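Got the viewer open? Let's take a walk through this one together, one selection at a time.

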Amino acid sequence: MTDTHSTNSPLEAVANSAAAKQVKGMLGGLGVTLRTMFKPAVTVQYPHEKEAPPTRARGVIALKEENCTVCMLCARSCPDWCIYIEGHKEKRPARREGGRERTVSVLDRFDIDYALCMYCGICVEVCPFDALHWSPEFEYSEPSIAHLLHDKDRLGEWEATVPVAEPLELGAQVKGAKK
Ligand code: SF4
Ligand code: SF4
């Protein structure tokens, strides 16, 4: 008499175990879907809802024009070459009676192309005259990428949104301060 019960071949056993894993994975995925379905959304429905960025967020670079000496250091240090500066020299009277006439640099153009800027902050760091500052302002998107080139007037307007610097930590020294 022959045995009517057939045992699974090795191939069938592998297929069954793969199917079991797939079902287990699918049920696990559905479990995650069900769990997250009833949690409140973490995304913000911008622009209907707005979050306040952290105070020192790198939103946009603001220019304090009166501090800029047209030294070009920021433009030369920018890895993206997205700062465009033009200026000219002007003669000014001597500060003291009998002194020599002074030559000063006057800023004509200071543009930053935010379509190229990578927000590295090097320009802000290298400016020796404290003319560039980070502002947390972030709402300056434009319908066209070509309009992301902002001039010194716009950069100057953002200066009003720069947060007041926190006082230095105890023991910290002001750069250039005399001891
Ligand atoms: S943040 Fe960096 S990339 Fe942007 S303008 Fe300054 S130096 Fe250039
Ligand atoms: S480094 Fe500062 S002072 Fe010099 S050009 Fe740039 S913003 Fe002006």
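What follows is a tour of a predicted model, going from the whole chain down to single residues.

**Start with the whole chain**

Colour by secondary structure before you zoom anywhere. You should find 4 helices and 5 strands, and if you trace them along the sequence the pattern reads α-β-α-β-β-α-β-β-α. Now spin the C-alpha trace: along its principal axes the chain spans about 130 × 40 × 40 Å. The radius of gyration tells a similar story, with 31 Å for the chain against near 16 Å for a compact globule of 179 residues. Just 12% of the 179 residues count as buried. As for contacts between residues at least 6 apart in sequence, 73% of them join residues at least 24 apart.

**Out along helix 1**

Select residues 10-37, which make up helix 1, and pick out Lys 21 within that helix. Is Lys 21 buried or exposed? Lys 21 counts as exposed, because it has 10 C-beta neighbours inside 10 Å, and the cut-off for exposed is 12 or fewer. For a feel of the distances here, draw a line from the C-alpha atom of Lys 21 to that of Ala 131: the two are 110 residues apart along the chain and separated by 62 Å.

Next, head into the loop between helix 1 and strand 1, where Pro 47 lies. Look at the peptide bond from Tyr 46 to Pro 47: this bond is cis, with omega near 10°.

**Strand 1, strand 4 and the core**

Select 60-63 and 132-135 together; these are strand 1 and strand 4. The two pair in the antiparallel sense over 4 bridges. To see how they line up, show Ile 61, which stands opposite Trp 134 in strand 4.

Stay with strand 4 and turn on its side chains. Which residues cover its two faces? Leu 132 and Trp 134 sit on one side, His 133 and Ser 135 on the other, and all of these are buried. That split fits a general habit: in a regular strand the side chains alternate between the two faces of the sheet.

Now bring up the largest nonpolar core, which has 18 residues. Those with the most contacts inside this core are Ile 61, Ala 62, Leu 63, Cys 74, Cys 123, Leu 132 and Leu 155. Strand 1, strand 3 (102-113) and strand 4 each supply at least two core residues, and strand 1 gives the most, with 4.

Click on Leu 132 and show its surroundings. Leaving aside neighbours within four places in sequence, Leu 132 is in contact with Ile 61, Leu 63, Cys 74, Cys 123, Val 124 and Cys 127.

**The two ligands**

Keep Leu 132 on screen and add ligand 2, since Leu 132 is among the residues around this ligand. Others there include Cys 68, Cys 71, Cys 74 and Cys 127, along with Met 72, Ile 85 and Phe 129. What classes of residue make up the shell? It divides into 11 nonpolar, 1 polar and no charged.

Move over to ligand 1, which has 13 residues around it. The closest are Cys 78, Cys 117, Cys 120, Ile 122 and Cys 123. By class, the shell around ligand 1 has 11 nonpolar, 1 polar and 1 charged residues.

**The open sheet**

Hide the ligands and select strands 2, 3 and 5. These 3 strands form an open sheet in the order 2-3-5, with antiparallel pairing. Strand 2 (83-92) and strand 5 (149-150) stand at the edges with a single partner strand each, so one side of each is left without a neighbour in the sheet. Strand 3 and strand 5 pair over 2 bridges; show Ile 112 and you'll see it opposite His 150 in strand 5.

**Two loop stops to finish**

First, select Tyr 119 in the loop between strand 3 and helix 3 (122-126). Its phi is near 60°, a positive value in a residue other than glycine. Tyr 119 is partly exposed, with 13 other C-beta atoms within 10 Å.

Then hop to Asp 130, found in the loop between helix 3 and strand 4. Here, too, phi is positive in a residue other than glycine, this time near 55°. Asp 130 has 12 C-beta neighbours inside 10 Å and so counts as exposed.

Methods: Residues numbered from 1 in each chain as written. Chains lettered and ligands numbered in written order. Predicted model: local features only at pLDDT ≥ 70, side-chain atom pairs only at ≥ 80, totals over all residues. Near = placed C-beta within 6 Å. Nonpolar A, V, L, I, M, F, W, Y, C, P; charged D, E, K, R; others polar. Buried ≥ 20, exposed ≤ 12 C-beta atoms within 10 Å, placed from the backbone. Core = buried A, V, L, I, M, F, W, Y, C linked by C-beta atoms within 7 Å. Contact = placed C-beta atoms within 7 Å. Rg over C-alpha atoms; globule rule 2.2 N^0.38 Å. Pairing = 2+ DSSP bridges.
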